[in-house]
Amino acid sequence: MIPQNLLQVTTQKCTTGCPILDRFLHGGIPCDSITEIVAESGSGKTQICLQLSLRAQLPVSHGGLSASALYLHTEFPFPFRRLHQLSLSFRSSNARHLPSNDNPCDGIYVQSVHSADELLDIMSKTESFIESSKAQLPVRLVVIDSIAALFRSEFDNTPVELKRRSSLFFKISSMLKALARRFNLAVLLTNQVVDMVGPNEGINGLRIGNLGSLYTSGRRVCPALGLAWANCVNSRLFLSRHEEANSEENGKLIGESGGFVCQQTRRKLHVVFAPHLPESSCEFVITREGLFGVEIAAC
Ligand SMILES: Nc1ncnc2c1ncn2[C@@H]1O[C@H](COP(=O)(O)OP(=O)(O)OP(=O)(O)O)[C@@H](O)[C@H]1O
């Protein structure tokens with residue numbers, strides 16, 4: 001058996017709730033591991049985090065973790081309405097696998113975080129929190145949405161501050177990895193992107209993972225927080241979006257040629273790096289029910 005297959009056999013995964021995305025991710029988001037989803041704003045990062053937080057409650061036999069989720073949010077306000085909307089469709093399509101009277105939103109512990117120091121403080125208390133919540137569904141999924149927001153304005157661009165920032169990265173990731181290992185948790189983080197300017201060489205051309213350059217909305221971007229943070233996560237997934245103009249008779253906009261033009265957002269999930277996934281990408285859509293993969297028929 002090759003090492004890649006060994007990892008797949010022994011690692012438990014949390015389903016996304018979509019068979020196409022699960023197949024693409026070889027079962028879902030892995031436990032005992034840190035998975036990062038990086039994308040520009042409005043790409044679906046929060047949507048997939050909410051979706052996973054609900055799906056974690058499913059029994060293991062149905063791809064879940066039979067577990068609750070701890071959702072640490074750094075972007076305000078927390079999207080309670082979207083969670084409620086997702087929970088309604090989740091409950092109606094999974095009624096047979098969930099306790100009949102329970103509200104799935106109750107299986108998600110939501111906690112706001114305002115700074116990196118506060119995150120460290122919360123994580124130091126998480127161990128006893130997880131242990132004490134053993135009576136209900138145990139916490140087996142930790143979400144941090146988003147990690148970049150904690151570092152957005154707190155640090156100057158000086159060597160001393162950058163060193164302080166890197167040391168915080170390593171502290172956070174080693175605490176997360178220790179928690180993930182001890183409780184067999186799936187850890188899911190979101191990260192933002194920054195625009196890349198200038199030629200694709202030198203530090204700009206530095207390749208991290210499978211993809212040389214990341215493109216979204218026609219811009220070349222790279223994940224926020226740089227190389228030091230890239231070394232802190234086990235897997236990195238990238239969500240891209242591109243607006244396409246399709247001429248259509250019943251479309252919404254009038255194109256240059258006088259015909260109708262319909263704007264359509266094409267979204268893709270890419271593997272930037274992951275120990276258990278090959279270089280690949282998968283189209284997806286976002287609906288009221290969440291994120292769903294789309295299989296493109298071969299011509
Ligand atoms: N109910 C819904 N039906 C269809 N699409 C939706 C629905 N809710 C959200 N979306 C789509 O999801 C996108 C927002 O997703 P989300 O907030 O998860 O993105 P994000 O990457 O987390 O953004 P940010 O970084 O700004 O928080 C919107 O652009 C919208 O197109």
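This dialogue walks through several features of a predicted model, from its strands to the surroundings of its ligand.

Reader: I would like to begin with the strands, so which strands form the open sheet, and in what order do they stand?

Author: As a general idea, strands of a sheet pair through backbone hydrogen bonds, and the pairing is either parallel or antiparallel. In this predicted model, an open sheet is formed by three strands in the order β8-β10-β9, with antiparallel pairing. Because β8 (193–195) and β9 (214–216) each have a single partner strand, they stand at the edges, and one side of each is left without a neighbour in the sheet. On average, and with direction ignored, neighbouring strands of this sheet are turned by 50° against each other.

Reader: How many bridges join β9 to β10, and which residue of β10 stands opposite T216?

Author: The antiparallel strands β9 and β10 (residues 219–223) are joined by three bridges, and T216 has R219 of β10 opposite to it. The loop between these two strands, β9 and β10, holds S217, a residue to which we shall return.

Reader: Turning to β7, is this strand enclosed or exposed, and which way do its residues point?

Author: The general idea is that in a regular strand the side chains alternate between the two faces of the sheet. In β7 (residues 186–191), A186, L188 and T190 point one way, while V187, L189 and N191 point the other way. Six of the six residues of β7 are buried, and the strand is therefore largely enclosed by the rest of the structure; the cut-off behind that word is a relative accessible area under 20%.

Reader: Which strands pair with β7, and in which sense, parallel or antiparallel?

Author: β3 pairs with β7 in the parallel sense over six bridges, and within that pairing T190 of β7 is the bridge partner of I37. β6 also pairs with β7 in the parallel sense, over four bridges, and here V143 has L188 of β7 opposite to it.

Reader: How should I read the backbone angles, and which residue in the loop between β2 and β3 deserves a look?

Author: Most residues other than glycine have a negative phi, and most peptide bonds are trans. Against that background, D32, which is not a glycine, has a positive phi of about 55°. D32 lies in the loop between β2 (29–30) and β3 (33–39), and with a relative accessible area of 35% it is partly exposed. S217, again not a glycine, has a positive phi of about 50°, and its relative accessibility of 34% makes it partly exposed as well.

Reader: Where are the cis peptide bonds, and what is omega there?

Author: One cis peptide bond runs from F76 to P77, with omega near -5°, and P77 lies in the loop between β4 (68–73) and α4. Another cis peptide bond runs from D145 to S146, where omega is also near -5°; S146 has its place in the loop between β6 (139–145) and α6 (159–183).

Reader: For the ligand, how many residues surround it, and which are the closest?

Author: The ligand is surrounded by 14 residues, of which the closest are S41, G42, T46, Q47 and R82. By character, the shell around the ligand divides into one nonpolar, eight polar and five charged residues. At least two residues of this shell are supplied by each of α3 (45–55), α4 (80–93) and β14 (281–287), and α3 gives the most, with three residues.

Reader: Which polar atoms lie by the oxygen atoms of the ligand, and at what distance?

Author: Two of these cases involve the backbone: a backbone N or O atom of G44 lies 3.0 Å from an oxygen atom of the ligand, and a polar backbone atom of Q47 is 2.8 Å from an oxygen atom of the ligand. In K45 the side chain takes part, with an N or O atom 2.9 Å from an oxygen atom of the ligand. As for cover, the ligand taken alone exposes 640 Å², and the protein buries 70% of that.

Note on methods: Residues are numbered from 1 along each chain as its sequence is written. This is a predicted model: local features need pLDDT of at least 70, side-chain atom pairs count only at pLDDT 80 or more; totals for chains, interfaces and linings use all residues. Side-chain values use heavy atoms; hydrogens and water are left out. Two strands pair if DSSP finds at least two bridges between them. Axes are lines fitted to C-alpha atoms, for helices over the stretch in contact, and angles run from 0 to 180 degrees between N-to-C directions. A residue is near a molecule or strand if one of its heavy atoms lies within 4 Å of it. A polar contact is a pair of N or O atoms within 3.5 Å; within protein, one must be able to donate a hydrogen and the other to accept it, and residues adjacent in sequence count only if both atoms are side-chain atoms. Accessible areas come from the Shrake-Rupley method with a 1.4 Å probe; for residues, only the protein chains shown count as cover. Ala, Val, Leu, Ile, Met, Phe, Trp, Tyr, Cys and Pro count as nonpolar, Asp, Glu, Lys and Arg as charged, and the others, Gly among them, as polar. Buried means under 20% relative accessible area, exposed over 50%, partly exposed in between (1.4 Å probe, protein chains only).
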